[in-house]
Every structure is written in structure tokens, then in C-alpha cells.
Number of protein chains: 4
Amino acid sequence: MTYGKRRWVWMGLICLLAAGLCLQAAAQTKEKGPWWPHPIWGAGDQSGGSNWITPEKVMASLKLVKTGKIYEIGQIYERGMPLFGQRTYAMFASQAGPFGKNKLMGHDDFLCAEIGQVGTQFDGLGHIGMQMTMADGSTKDVYYNGFTVQDDIANRYGLQKIGIEHIKPYITRGVLIDIAGYKGEATLANSYEVTLADVQGALKKQGIDEAGIRDGDALFFNYGWSKLWKEPAKYNVNPPGIGMEVAKWIVAKNAAMVGSDSWPTEVWPNPNPDLVVPVHQELITKNGILNLENMVFDELIQDGGYEFLFVFTPIRFKGGTGSPARPLAIR
Amino acid sequence: MTYGKRRWVWMGLICLLAAGLCLQAAAQTKEKGPWWPHPIWGAGDQSGGSNWITPEKVMASLKLVKTGKIYEIGQIYERGMPLFGQRTYAMFASQAGPFGKNKLMGHDDFLCAEIGQVGTQFDGLGHIGMQMTMADGSTKDVYYNGFTVQDDIANRYGLQKIGIEHIKPYITRGVLIDIAGYKGEATLANSYEVTLADVQGALKKQGIDEAGIRDGDALFFNYGWSKLWKEPAKYNVNPPGIGMEVAKWIVAKNAAMVGSDSWPTEVWPNPNPDLVVPVHQELITKNGILNLENMVFDELIQDGGYEFLFVFTPIRFKGGTGSPARPLAIR
Amino acid sequence: MTYGKRRWVWMGLICLLAAGLCLQAAAQTKEKGPWWPHPIWGAGDQSGGSNWITPEKVMASLKLVKTGKIYEIGQIYERGMPLFGQRTYAMFASQAGPFGKNKLMGHDDFLCAEIGQVGTQFDGLGHIGMQMTMADGSTKDVYYNGFTVQDDIANRYGLQKIGIEHIKPYITRGVLIDIAGYKGEATLANSYEVTLADVQGALKKQGIDEAGIRDGDALFFNYGWSKLWKEPAKYNVNPPGIGMEVAKWIVAKNAAMVGSDSWPTEVWPNPNPDLVVPVHQELITKNGILNLENMVFDELIQDGGYEFLFVFTPIRFKGGTGSPARPLAIR
Amino acid sequence: MTYGKRRWVWMGLICLLAAGLCLQAAAQTKEKGPWWPHPIWGAGDQSGGSNWITPEKVMASLKLVKTGKIYEIGQIYERGMPLFGQRTYAMFASQAGPFGKNKLMGHDDFLCAEIGQVGTQFDGLGHIGMQMTMADGSTKDVYYNGFTVQDDIANRYGLQKIGIEHIKPYITRGVLIDIAGYKGEATLANSYEVTLADVQGALKKQGIDEAGIRDGDALFFNYGWSKLWKEPAKYNVNPPGIGMEVAKWIVAKNAAMVGSDSWPTEVWPNPNPDLVVPVHQELITKNGILNLENMVFDELIQDGGYEFLFVFTPIRFKGGTGSPARPLAIR
């Protein structure tokens with residue numbers, strides 16, 4: 001083969017490689033849509049608001065700890081706790097043994113549950129989406145960052161994209177906004193929509209400058225709803241919560257995540273009867289801001305703990321739609 | 001009724017009350033046994049080594065963080081990962097919707113697993129016990145602090161005592177002891193029993209004074225075994241690990257917990273063929289020192305991270321025998 | 001080797017073989033006990049009353065069919081049906097696809113349940129036993145035919161002996177004894193113990209000679225309790241049922257199995273407050289006569305169907321303690 | 001109100017009622033489609049081929065029994081049996097007790113499985129469908145008789161239509177067609193497509209007139225594949241089976257159901273590489289002829305049992321996509 005021929009061969013191979021890379025990139029690129037690519041995290045991101053947790057954020061948050069006291073701000077998982085709709089939580093334990101001359105005995109337990117959607121639960125990016133008509137006329141189920149069930153996610157044995165394993169651990173500043181305390185009520189009324197004025201009033205009462213809420217903070221709302229935890233029949237019905245007004249404020253504040261002491265965090269039902277949990281869509285689907293539900297803040301409030309180191313490590317179930325949680329506040 | 005009669009009635013009632021209190025106390029008191037009551041934590045304790053995590057320990061541990069870099073030292077949970085024996089890990093996902101004019105779609109996933117005994121797993125106090133002949137000739141299955149299946153624990157739907165919900169969150173100092181690195185091997189040989197000399201040699205090589213191990217530290221052992229994680233057929237067979245010699249050293253060091261990058265932490269099978277996981281009994285049953293298995297330390301070792309803030313929050317499944325984990329090292 | 005030597009070698013081998021066979025037999029032989037070996041089915045039997053279903057019994061039973069009409073005498077399994085105690089029945093369905101140019105779609109469902117102990121349920125031989133002090137002073141959990149948990153059965157992943165897979169299919173004569181009809185009540189009163197006189201009276205009223213009950217018949221009792229099936233809060237509380245008097249009559253009649261339209265078949269609680277479901281022990285543990293619960297006979301009674309071909313095929317889950325059922329009466 | 005006015009009111013009410021009935025009917029009526037309404041069973045039917053099982057069919061089938069010998073033609077369910085893809089079968093057993101002075105002990109077992117899609121399994125009408133573009137341009141997942149996921153079926157907790165509870169019990173004539181025997185092979189070759197000539201040849205060899213196959217018979221195919229049951233690695237790979245040619249013959253024969261000793265009954269993969277289990281669609285989706293997989297016929301063949309009373313009672317899990325089975329042949 002002459003030199004001239006070889007050169008063409010090389011150029012051809014390079015072109016092929018380039019073509020391959022282009023096609024691969026194309027395959028990975030979602031067409032632009034109303035909420036994708038994510039304006040901060042960009043196309044392909046699967047971690048959403050947890051991206052805010054950088055080493056700098058960690059360092060800044062650790063400085064909040066003054067005494068080392070740990071507060072449990074999640075509930076214990078047990079049979080009989082409030083469950084949404086027809087969800088299941090069933091533990092079944094068994095002992096085996098004895099084994100060996102050391103007469104070893106052992107228990108295992110077997111758990112069947114919507115593990116990320118019972119008790120204190122963290123909604124992942126794959127938990128909430130929206131059915132849409134696409135540019136080509138097809139109907140698709142679209143989730144965070146434009147990932148669709150049809151093209152990207154579908155897998156009966158766990159989501160192929162935006163599974164909970166992509167969420168980074170939360171070691172960040174937590175800010176608790178005690179709406180019930182601000183309103184002077186033990187428990188907010190059924191279906192009360194928390195307003196932005198409530199949020200701002202509560203912050204002011206707590207001595208926290210609204211401007212002091214920083215990128216990547218975790219924002220928590222106390223409705224006093226956890227006082228009903230032991231009464232599932234009441235707990236499950238029409239909780240108060242934030243609506244779209246506060247949701248947009250949360251997005252503007254660049255929160256890493258939100259949480260509350262009710263099962264949906266947002267008001268139920270929505271004041272607009274046509275909409276089903278629209279705040280979930282606004283925060284999770286459109287903005288990647290995840291939501292930790294069924295928390296409990298009473299001990300923290302007793303100590304006036306409105307700012308703290310927040311520690312929460314979502315369990316990395318591959319393809320999971322959510323995670324159980326043992327969230328901590330440390331002061 | 002005359003005064004005299006009344007006096008006797010009152011005395012009778014007081015005696016009855018006293019008798020009740022005595023009987024209640026008797027019912028709550030375990031006879032002393034070879035390993036109970038626990039010499040440090042006392043009768044009735046259900047938290048074991050996690051009691052070491054005090055506000056002071058938290059404050060001291062936070063000081064170890066210099067850069068805020070987070071290391072994941074647990075594995076991701078997925079179908080196909082190595083499982084012990086006949087254990088199960090089955091996730092099943094389903095989408096529902098659309099709901100409302102906002103066309104809400106949603107996934108739930110349903111998980112069936114020995115949730116605390118698959119993947120990166122934290123053995124709770126109820127996981128390991130010993131069958132014994134008691135003073136009265138009866139046979140009982142005895143666990144940490146003398147709690148028995150027969151008198152205290154038995155419940156098909158979750159343990160009534162020493163459930164995982166009693167374990168406090170671990171925010172403590174982690175010390176990684178890289179045995180594979182010390183021995184100059186990528187992966188220790190099958191069934192190699194790590195000696196105390198290995199431990200002391202590794203610590204010295206890492207520049208950690210053995211005397212510098214403090215009450216309530218979490219001690220981790222790297223065997224290089226996690227390199228086989230993607231090959232379950234190899235991973236599940238005869239891992240190296242610590243034996244009784246190192247176990248007794250761990251107890252003497254007042255460790256809050258231990259962990260490793262193999263599925264039992266201890267050598268398998270035990271060099272004494274009559275014994276089945278005796279280190280589990282020594283640490284968990286007799287001393288309340290819990291054990292986090294199937295970890296991974298490669299990234300940490302690459303950065304020379306032998307001392308760190310260790311963050312691990314066992315999920316509080318009431319009556320659970322173990323917990324899934326997303327353990328972190330922060331430096 | 002000389003002939004003489006060879007002879008001794010052969011004799012030695014034969015003795016070894018004999019010794020082996022003897023030891024094996026010894027290992028398989030249970031010491032005699034209060035209810036074992038079973039007087040009819042003998043040592044080692046694991047099929048109990050289902051042994052009555054011979055080809056002759058099948059032939060005789062088929063002759064009962066005159067019209068070919070099939071009656072469903074079991075309930076449909078669904079979420080929300082009455083469940084005993086803390087049992088679980090959770091189905092979770094998921095669609096996947098499309099696959100291929102033929103655009104195949106498919107649903108699977110995932111079920112988590114005490115599959116043999118929910119809804120219309122058939123108690124297997126491993127479901128009920130008795131804790132006893134044995135001749136050697138040890139405590140054992142003894143089941144049908146003397147099999148013990150400690151020596152024979154224990155296996156966390158399914159029983160090693162007397163699993164439901166040993167039960168033969170029931171193609172036999174069914175006899176329905178309508179106690180509620182005899183007493184002239186839609187539903188018998190809570191905790192009413194059905195007497196032998198009731199049974200005999202009902203049979204007489206139905207025109208069935210008591211002596212006409214034959215070996216291997218399946219005997220069913222109607223209490224009218226199934227009328228409460230859609231009201232779990234009532235259904236689960238204190239049903240009427242047979243007691244020890246009728247149980248002994250059932251044993252004497254050599255029934256292949258029994259059944260009823262309540263969840264325990266026997267009266268609850270037992271009139272003797274010290275005893276917990278003693279009829280279960282009498283029938284299942286001591287006599288191998290199994291028990292199909294939560295049936296429904298209304299349509300059959302409407303047609304006067306007191307004698308019929310009974311068809312029921314317990315699902316063969318290896319090591320299972322029970323089975324779901326779709327029992328049929330054919331006339 | 002005058003008479004005239006009243007008349008109009010009445011007419012109005014009647015019109016309203018008529019309108020309501022019309023709309024209800026419209027809601028229940030599926031537009032005609034390529035395979036719906038079902039030509040025999042009509043619009044709205046949810047029972048498919050099981051409708052053939054009439055009292056007359058039952059009476060005729062019972063006459064086939066000559067000796068009363070029962071043959072088990074399904075497999076036992078156990079951990080380790082061949083499972084398709086990532087399906088799960090996990091049983092977990094637990095003992096509780098003692099209760100009462102009668103020292104009652106009891107086992108329950110907890111089963112997690114795609115209960116209708118593991119082991120000997122009966123594919124229900126909701127198991128297989130086809131994604132289609134409808135007249136109005138929408139995309140729907142269409143199942144038997146035109147029921148769609150989008151309009152009729154969708155329910156995460158069990159199908160709302162065409163659930164397995166609608167299938168009538170099979171008490172019918174079974175005809176076994178021994179293809180392996182006809183071809184003189186113990187086990188047919190991987191991916192061999194059974195031809196109509198094979199079927200006709202086998203029937204002839206067995207002395208069964210093809211014309212003698214009657215409406216509502218259950219047709220079974222023996223491939224010898226069950227000989228591999230204990231070797232899941234072989235069993236799961238590329239079984240032989242019927243193709244579209246035989247499927248159409250089955251439809252023409254008005255079979256009540258089919259079955260075989262392989263996991264899909266049909267050849268895998270299909271000779272047309274673009275198609276995924278098209279025989280499933282042909283039989284189940286388009287014709288309502290259900291399919292019982294993973295059977296075993298060896299004992300039946302040994303006795304020359306090609307015609308028999310077939311007994312199979314699908315378990316009525318509401319909304320289920322399939323059922324476990326203990327199918328019997330009685331001769």
C-alpha cells in the first residue's frame with residue numbers, strides 16, 4: 001500500500017470514529033423540552049439537587065455543629081404505621097440454628113415493602129413524571145431532565161435511568177421552617193395551603209434572614225402533622241402543606257431538597273381540583289429537588305434548632321424510585 | 001370502718017404495690033450469665049457499642065474533616081450481587097397514571113429481601129446468638145445482654161427486643177486498617193486468618209499509633225476482597241478475615257463497631273472446624289459490637305484515608321435484625 | 001488373597017452394609033409417642049388423610065356427578081379480604097414492552113403473602129404442632145407422625161419434612177353439613193360451639209345417614225359465617241365452630257379432610273380458656289386430617305347439594321405449610 | 001303543575017335515562033378491532049376458552065375415567081427450579097409459639113414470587129397483549145377482546161379487567177400429543193419448530209383421529225423438555241415448540257387451553273427473528289386460549305395415557321396475570 005492510500009485509510013477511520021462519537025452523543029442528547037436540559041445541572045444529569053453537596057458545602061455545614069447533639073428527625077418503620085393508599089410494609093422474621101459446637105443461632109428478617117415509599121420516605125427522581133405529547137406527536141411519560149419511560153427508563157426490575165443510586169448523600173445545612181409554630185397552632189388545619197407569607201413570617205420569627213438561605217440548603221417545613229402519626233386514620237386524610245407559590249420560591253432558593261412532617265409535603269388535595277400533587281411535579285420532575293416525607297421535628301423545635309447540620313444518606317438501591325431514611329439533625 | 005381497720009387496709013395496699021414492683025423488677029432482671037449484664041452498658045441495654053456515640057465523640061470526630069470530600073464505602077444494591085446462601089433481593093417496579101390535568105405519572109417499586117442481610121449489611125444485635133442450657137436446665141437461645149428468644153424476643157413479625165431501631169447513628173471516628181496493603185497483596189488468600197501482628201503491622205505502616213485507637217472508634221479491615229464483588233461465584237467462597245485473636249483485641253479497644261470488605265468480616269471457615277462464625281458471637285452476642293459487611297475501601301486507600309469521619313445511620317426497622325447501609329467516610 | 005480370606009472380606013462387607021441399613025432405619029424411626037406412628041398410615045408417612053384418595057375412592061366419587069354443574073366453594077383472593085392477625089396479601093403488577101415487531105406487551109404480577117394462610121386456605125401438616133418434653137428430658141416441637149422441628153423439619157426456607165407437596169390431590173366425596181340451616185339461623189352466634197347433636201341433627205335433616213359417611217370423605221361445616229366475608233371487622237371476631245367433641249367424631253369417621261366457612265373451622269376462643277385452637281392439634285397434628293378454611297357454601301345449599309364430587313388440588317410448594325385453594329363441588 | 005307540563009317532565013326524565021343507558025353501553029362497548037369482539041364469546045367476555053367448560057363437557061369428560069388413577073402432570077415449586085429471566089421464587093418460613101396450655105406451635109411461610117409466572121404456570125388473559133395504533137391515532141396496549149391497559153386494565157395492584165379470577169375451572173377432556181415420541185427422540189432439539197404434520201403424525205400414531213378433537217378439549221404437547229428440569233441452565237435455553245402453523249390449527253380446533261413441558265410452549269426464538277413469542281399473542285391475546293407451561297408427562301406416556309380427564313383449577317387471585325397450578329390427568 002502506498003503512502004497516499006494509507007493516508008486515506010487513516011482519514012476514513014478517523015471520520016468513522018468521529019461519526020460514531022457524534023451518533024453516540026446524539027443518542028444521549030434529549031431534544032430540548034419545557035424543563036430540560038436542566039438549567040444548572042445540564043443534559044444527562046441524574047443527581048438533581050443533590051449536586052449542591054460539594055466539599056465546600058460539607059465544610060461549611062459541619063461548622064454549624066456546636067454541641068454534637070444528634071436529633072432523630074425521621075420515624076421508626078413498623079407494621080401499623082400510616083401507609084399511603086394500598087402500600088405494604090410487611091416484615092417476617094425467622095430464627096435458624098444451632099450451628100457448630102458454639103451453638104450459633106441466628107435471625108434473619110424478610111421485608112416486603114414499597115421500600116422507598118413507606119414511612120419516612122425520600123421520593124427519587126423516578127418517582128414522579130408527566131405524560132406529554134411530544135413534538136413528533138407521540139405520547140411519552142417524561143421525567144426529570146427529559147428522560148422518558150419509553151426511551152430511557154422502562155425496566156420492570158428497577159429503573160434504567162434516574163434511579164435513586166445517583167443521588168449524592170446529603171451532608172448539608174438544614175433549615176427548619178416551623179409554620180405551625182408561627183401560626184400558633186399545634187397542628188395546621190386540614191388542607192391548609194401554606195403561603196409564602198407564612199414561610200417568610202416563620203423565618204423572621206425564628207431570626208433567620210430569608211436572604212440567608214443558601215444554595216444547596218435542605219429546607220424543612222413543620223406543620224405539626226406528625227402529632228397524628230399514631231392515628232393513621234387521621235394522618236392519612238387531607239394534610240396541610242405548601243402549594244405552587246412556595247414551590248416556586250424553593251426553586252428560586254436553589255434548595256438541595258425539601259422535607260416535612262406530612263406524607264406529601266404539599267397540600268392535599270390541591271386547591272385546584274384538576275391537579276394531582278402538582279408541587280411534586282414542580283420540584284421533582286421539573287427541578288430535581290427531592291422530597292423527604294413523614295419526618296418529625298418536635299424535639300428539634302423544643303431546643304430551638306432551626307439551623308443544623310443535616311445528615312441523610314439515601315440507600316443506593318439500583319433503579320429505585322425512592323429510599324427509606326434515617327435523617328439526622330446535628331447541632 | 002374504724003381507724004384501726006383502715007390502717008391495715010392501707011398497709012395491705014402498700015404491700016401489694018411493693019410486691020407488684022418487686023415482681024416487675026424480677027421479671028425485668030436477667031439472671032447473671034457468662035456475658036450479661038454487659039459490663040459497660042448494664043442490664044437492659046439494647047444499643048451495644050453504638051452507646052459510644054456521645055455528643056463529645058461527635059464533636060471530636062467532626063474535627064477530623066479537612067477537605068469535605070465524601071467517600072462511598074458501601075456497595076450499590078442490585079439484582080445479581082453476591083448473596084449469602086439462599087437470600088433474596090428482588091425489586092419489582094411499576095408505573096401508574098396519568099392522574100389529573102397535570103397528567104401525573106409515577107413509579108413505585110416493591111422490594112422483597114432480607115433487607116438487613118443482603119449487600120452492604122449491618123448485623124444487628126438480634127442477628128446472632130447462642131443456644132445454651134440455663135441454670136434451671138432449660139434450653140434457651142440467648143442473645144446480647146442475656147435477652148432470650150423464649151422470654152424476650154420471639155415475634156414472627158419482628159423482634160420484640162434488641163431490634164435494630166435501638167442502635168444509635170454512627171457519627172464517629174473511622175479507622176481503616178489495610179491488611180491487604182500491609183501484606184502487599186491485592187486480595188488476601190482464601191480463608192487466611194488475619195493475625196493481631198498483621199493488624200499492628202498495618203497500623204504502624206499507616207502511621208497510626210495502636211494506642212491512638214480510642215473508645216467508640218469504628219474499626220474497618222481491608223482484605224482486598226471487594227475486588228471480587230462482580231464475581232459472586234468467587235466472592236462467596238472462603239474469604240479471609242479476622243479470627244478470635246483479633247476479635248478479643250477489638251473488644252479490648254472498646255470499638256463502637258467493625259466492618260470489612262468481605263461478607264462475614266471474619267475468616268471463613270473458622271480454622272477450628274467445630275465453630276461456625278465464632279467471631280460474630282464474640283463481637284455481637286457477647287459484646288454488642290456490631291459488624292458492617294460488604295464494604296469497599298479502594299478509593300479511600302488511594303487517597304491514604306486511614307482516619308476519617310465515619311457516617312452511618314442504620315435504618316430503624318422496628319424489630320429488624322439488620323440494616324442496609326450507605327456508609328460514608330468524610331475527610 | 002486366599003479363598004478363606006476373601007470369604008471374610010465378603011462377610012465383613014455384608015455386615016457393614018447390614019449395619020448401615022440398620023442405622024439408617026434407626027435414624028428414620030421415631031420413638032413411639034402419644035400420637036405416632038400414625039395408626040393407619042404408619043411411621044414416616046407425610047400425607048395424612050389425603051392417603052384415603054385411592055383410585056377406588058376416585059371412581060366411587062365420580063359417580064356422584066349427575067349434571068356436571070360446578071360450584072365454586074372458595075373465595076376470591078384480593079386486597080382487603082379478612083386476614084388473620086398480621087398476615088399479608090400484597091399483589092403488585094407491572095407491564096413491560098413492546099418487544100419485537102409484533103409489539104408484544106406483557107404483565108407480570110408479584111405477590112407477597114403467607115400464601116397458604118390467607119383467604120381460602122388449606123392448613124398443611126407443618127402448620128400446627130405441639131411443644132413437648134421428650135423422654136430424654138429435652139423440649140421439642142412435635143408435629144404430625146412425630147416429626148420434630150429440631151430433628152426433622154427446621155429450615156428457614158421451607159420445611160424439610162411434612163411440606164404441603166406430600167399431600168395428594170383430593171378427588172373425593174364431599175359431604176356438607178349445614179349447621180346454620182339446621183339451627184335455622186343465617187349465621188351462627190359468636191363463639192357458639194357446634195355439638196355432635198347438631199351435626200347428627202343436620203345430617204338427618206339433610207337425609208344423609210350418619211353411617212353413610214365413608215372413609216376418606218371430605219366433611220364440610222356451614223356456619224353461615226361467610227355472610228360476613230365483606231366485613232372483615234366482624235368476620236375476624238369470635239366465630240362459631242366445632243369443638244373437641246365433634247373433632248373426635250371426625251377422627252372416628254376417618255375423614256380425608258375437613259372444611260368450613262369460617263377462618264378457623266373450630267370455635268374461637270375455645271370454651272376452655274387455657275386452650276388455643278385444640279381442634280387444630282387434634283385433627284392436624286395428631287391425626288393428619290387437614291383443614292380448609294374460609295370456604296363458602298351458599299350456592300350449593302340453595303341447590304340442596306349436600307353430597308358431591310369434591311375437587312381440590314393443593315399447590316405443591318415444596319416445604320410449604322399450607323396452600324391456596326380453588327375448591328369445587330360438582331354435582 | 002298542569003298535565004301538559006308533567007308530560008314533558010316525564011319525557012325528559014325518560015330521555016335522560018335512555019341517554020344514560022346509551023352512554024353506559026357505549027362506555028362498555030369496544031370499537032370493533034382486528035380480533036375483537038371475540039367471535040364466539042362476544043364483547044365483554046373475560047373468560048376466553050374456559051367458557052367451553054359447560055356441564056355437558058364436564059359430564060362427557062368424566063366418562064373418560066376407567067381406573068381412577070391420578071397422574072401429576074405439573075412440577076413441584078421449589079427454590080432453584082428454572083425461572084424465566086429475573087423472576088423470583090422465595091419462600092421464607094417461621095415458627096411461633098407455644099400458645100396455651102396445649103402448647104400449640106405453628107409455622108407460617110411467606111412467599112414472594114411472580115406467583116402465576118414461575119414453575120408450572122398458567123398464563124392468564126392479562127399476561128400477553130399488543131401495542132397498537134388505534135383509529136384515533138393514539139397508542140394503546142390491547143389485550144384479549146379489545147380491553148386496553150389505558151382504558152380498562154391499568155392498576156398497579158392487580159388488573160381491573162381480564163384478571164385470572166374470571167377463568168373457569170378446567171374439568172375437561174385432555175389430549176396429549178407426544179411429539180418427542182412420534183419423532184423418536186427423548187428430547188426435541190433446541191429451537192425445533194413442531195409442524196402440523198408432526199402433530200397429525202403423532203395423533204395418528206397414538207390412535208387418535210384428528211377429527212376426534214372436540215370443542216373445549218385441552219391440548220398438550222410433549223417435547224421431552226421436562227427431562228432438563230433439574231438443569232436450569234439447559235432448560236432455560238432455546239426450547240423446541242409449536243409455531244404459528246400449529247397455533248392456527250389449535251384455534252380452528254376450538255381448544256379450551258393448551259399446555260406443554262417447556263416454559264413457553266412455543267418455539268424459542270421464533271424462526272422469524274422479528275417476532276417475540278407470536279404464538280402467545282395468537283392464542284392468548286387474539287383467541288383467549290390460555291397456556292399452561294412447565295408441565296411433565298412422563299408417567300402418563302409410560303401408561304399410554306393420551307386421552308384423560310383433565311383437572312385444573314386456576315387460583316382466583318383477583319386481577320392476577322396468571323396462576324400456579326397442580327394439573328391432574330385422571331384415567
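How many cavities of 30 Å³ or more does the count come to? The count is 8, and they make a good place to start this tour of a predicted model.

**Stop 1: the largest cavity**

Select Pro82(C), Leu83(C), Phe84(C), Trp263(C) and Asn294(C), the lining residues that lie nearest the centre of the largest cavity. The space they help enclose is about 60 Å³. Widen your selection to the whole lining and you will have 13 residues. Colour them by class and you will see 7 nonpolar, 5 polar and 1 charged.

**Stop 2: a pair of helices**

Stay in chain C and select residues 196-206, helix α5, together with residues 244-252, helix α7. Their axes come within 8 Å and cross at roughly 55 degrees. Because of that angle, α5(C) counts as oblique to α7(C). Now show the side chains where they touch: α5(C) brings Leu196(C), Val199(C) and Leu203(C), while α7(C) brings Glu245(C), Val246(C) and Trp249(C). By class, this contact has 5 nonpolar residues, 1 charged residue and no polar ones.

**Stop 3: where chain C meets chain D**

Next, bring chain D into view and select the residues in contact across the two chains: 86 of chain C and 86 of chain D. The size of an interface is often given as the accessible area lost when the parts come together. Here the area buried between chain C and chain D is about 7300 Å², with 61% coming from carbon and sulfur atoms.

Which residues of chain C lose the most area to chain D? Pick out His107(C), Arg316(C) and Arg326(C), which together give 12% of what the chain C side buries.

Notes
Residues numbered from 1 in each chain as written. Chains lettered and ligands numbered in written order. Predicted model: local features only at pLDDT ≥ 70, side-chain atom pairs only at ≥ 80, totals over all residues. Heavy atoms only, no water. 1 Å grid on protein atoms, 1.4 Å probe; cavity = no way out; pocket = protein on both sides within 12 Å on 5 of 7 lines; lining within 4 Å. Points joined across faces, edges and corners; volume = space filled by probe spheres on them. Nonpolar A, V, L, I, M, F, W, Y, C, P; charged D, E, K, R; others polar. Axes fitted to C-alpha atoms, helices over the stretch in contact; angles between N-to-C directions. Helix = DSSP H or I, 4+ residues; strand = E, 2+ residues; numbered from the N terminus. Parallel < 35°, antiparallel > 145°, perpendicular 65-115°, else oblique. Contact = heavy atoms within 4.5 Å. Buried area = accessible area lost by both parts, 1.4 Å probe.
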